[in-house]
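I am opening a fresh notebook page for this structure. My entries record what I looked up, in the order I looked.

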Amino acid sequence: MQDELLVATVAGGSARIIVTTTTHLVEEARQRHDTYPTASAALGRTLTAGLLLASNLKGNDTLTIRIMGDGPLGSIIVSANAWSAVRGYVQNPHTHLPANAVGKLDVGGAVGKGSLYVSRDLGFGEPYTGSVELVTGEIAEDIAQYLATSEQTPAAVALGVLVDTDNSVIAAGGFLVQMMPGATEETIAILEANIKAFGPITNVIASGTNAEGILHLLTNGLPMVLHEKRPVNFTCYCSKEKLEGILLSFGKEEIRDIIVTQRKAEITCHFCGDEYVFNQAELEDLIERIERQTI
Ligand SMILES: [Zn+2]
């Protein structure tokens, strides 16, 4: 089943509902970064959150979530764009903790205490960044807190990743239900009851329910309009040209040193794990470019 993202409204636009299934893209992230189960869950939840929050971006806008906790996982960075391309990584992918008190992957323990930052880059000027202190480090609660305080939007957020005994991802996905001004008490009560009856999202996805099925469960009893339905994928837009910048920033002495000691440079993209090799001739070309710039 292809991962998907749906955007819908109910009751004449008084609530906005975004649903995404991300099983395949979280599994791809796991394979690319070799994440252990707790890290897979933390990264997968954040990738899913990135897609949900980026769903109202336009054109070339991008959104970046940074979760900077003091736990063993280190930071989590995810970026998503208006076309629902999402990419991301965790600082320490080989993080796995014993299950928490309720028998779940201990994402909150792996993330620790710290802050969540959300930056919206609209392609001009400084990106707009909002932040909140982490509530639990479980990510869904932290995103809900961010939306409530930084964007003044009361919202219900669910994010989930279910990992198999062989560490592969069985199910992943999430939803965001945002109340808009003018939502009646009755609409709010129906949505709240639907969310309460819904249960853990990974169970729903693992049982074979697709994104549309999830949307119908959440909007049961309310007039619903589906505005968008699109595929979502783990997509990085790195290239050799973009990663050249990292080498150029080393300066010519450092590059000469690399030529003498290693004869080539291997630069890995943090976001997707792809590796780019620069051979001796390419490194010499970079030195020449630095020299031309400094004359
Ligand atoms: Zn990349």
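The entries below go from the ground rules to domains, sheets, core and two single residues.

**Ground rules**

I am working with a predicted model, where local features need pLDDT of at least 70, side-chain atom pairs count only at pLDDT 80 or more, and totals for chains, interfaces and linings use all residues. I number residues from 1 along each chain as its sequence is written.

**Domains**

I looked up the domain assignment, whose bounds come from an automatic or database source. It gives domain 1 (4-234) and domain 2 (240-294). Their C-alpha centres lie 36 Å apart. I then checked the contacts, which require C-beta atoms, placed from the backbone, within 7 Å. Five residues of domain 1 are in contact with four residues of domain 2. On the domain 1 side, α1 (23-33) and β5 are the elements that give two or more residues. The largest share there, three residues, comes from β5. I take helices (H or I, at least four residues) and strands (E, at least two) as DSSP runs, numbered from the N terminus. By class, that side of domain 1 has one nonpolar, two polar and two charged residues. Here Ala, Val, Leu, Ile, Met, Phe, Trp, Tyr, Cys and Pro count as nonpolar, Asp, Glu, Lys and Arg as charged, and the others, Gly among them, as polar.

**The six-stranded sheet**

In what order do the six strands of the open sheet run? I read β7-β6-β3-β4-β5-β11, with mixed pairing. Two strands pair if DSSP finds at least two bridges between them. β7 (128-133) and β11 stand at the edges with a single partner strand each, so one side of each is left without a neighbour in the sheet.

I followed the pairs inward. Seven bridges join β3 (residues 62-69) to β4, and these strands run antiparallel. Leu63 has Ala80 in β4 as its bridge partner. α2 packs on this sheet, touching β3, β4, β5 and β6 (114-121), and its direction makes about 150° with that of β5. For such angles, axes are lines fitted to C-alpha atoms, for helices over the stretch in contact, and angles run from 0 to 180 degrees between N-to-C directions.

**Strand β5**

β4 (residues 75-81) and β5 are antiparallel, joined by five bridges. Ala80 stands opposite Val86 in β5. Three residues lie between the strands of this hairpin, where Ser84 takes a positive phi near 65°. β5 also has two bridges to β11 (residues 233-234), this time parallel. There Val86 stands opposite Phe234.

Why is β5 largely enclosed by the rest of the structure? Five of the six residues of β5 (residues 85-90) are buried, so the strand is largely enclosed. I call a residue buried if 20 or more other C-beta atoms lie within 10 Å of its own, exposed if 12 or fewer, and partly exposed in between, with C-beta atoms placed from the backbone.

**The five-stranded sheet**

I found a second open sheet, ordered β8-β9-β2-β1-β10, with antiparallel pairing. β8 (155-163) and β10 (224-231) are at its edges, each with a single partner strand, so one side of each is left without a neighbour in the sheet. On average, neighbouring strands here are turned by 10° against each other, direction ignored. Nine bridges join β8 to β9 (residues 169-179). Val163 stands opposite Val169 in β9.

Two helices lie across β1, β2, β8 and β9. α2 (residues 37-53) does so at about 140° to β8. α5 (residues 185-198) does so at about 165° to β9.

**The core**

A nonpolar core is a set of buried Ala, Val, Leu, Ile, Met, Phe, Trp, Tyr and Cys residues joined through C-beta atoms within 7 Å. The largest has 74 residues, and Phe175 is among those with the most contacts inside it. α2 gives the most to this core, nine residues. Beyond four places in sequence, Phe175 touches residues including Ile17, Ile201 and Leu218.

**Two isoleucines**

Is Ile205 buried or exposed? It counts as buried because it has 25 C-beta neighbours inside 10 Å. Ile205 lies in α6 (residues 201-206). Ile205 and Thr21 are 184 residues apart in sequence, yet 7.7 Å apart in space, C-alpha to C-alpha.

Ile259 is in α9 (residues 252-262). With 18 other C-beta atoms within 10 Å, Ile259 is partly exposed. Outside its neighbours within four places in sequence, Ile259 is in contact with Gln280, Leu283 and Glu284.
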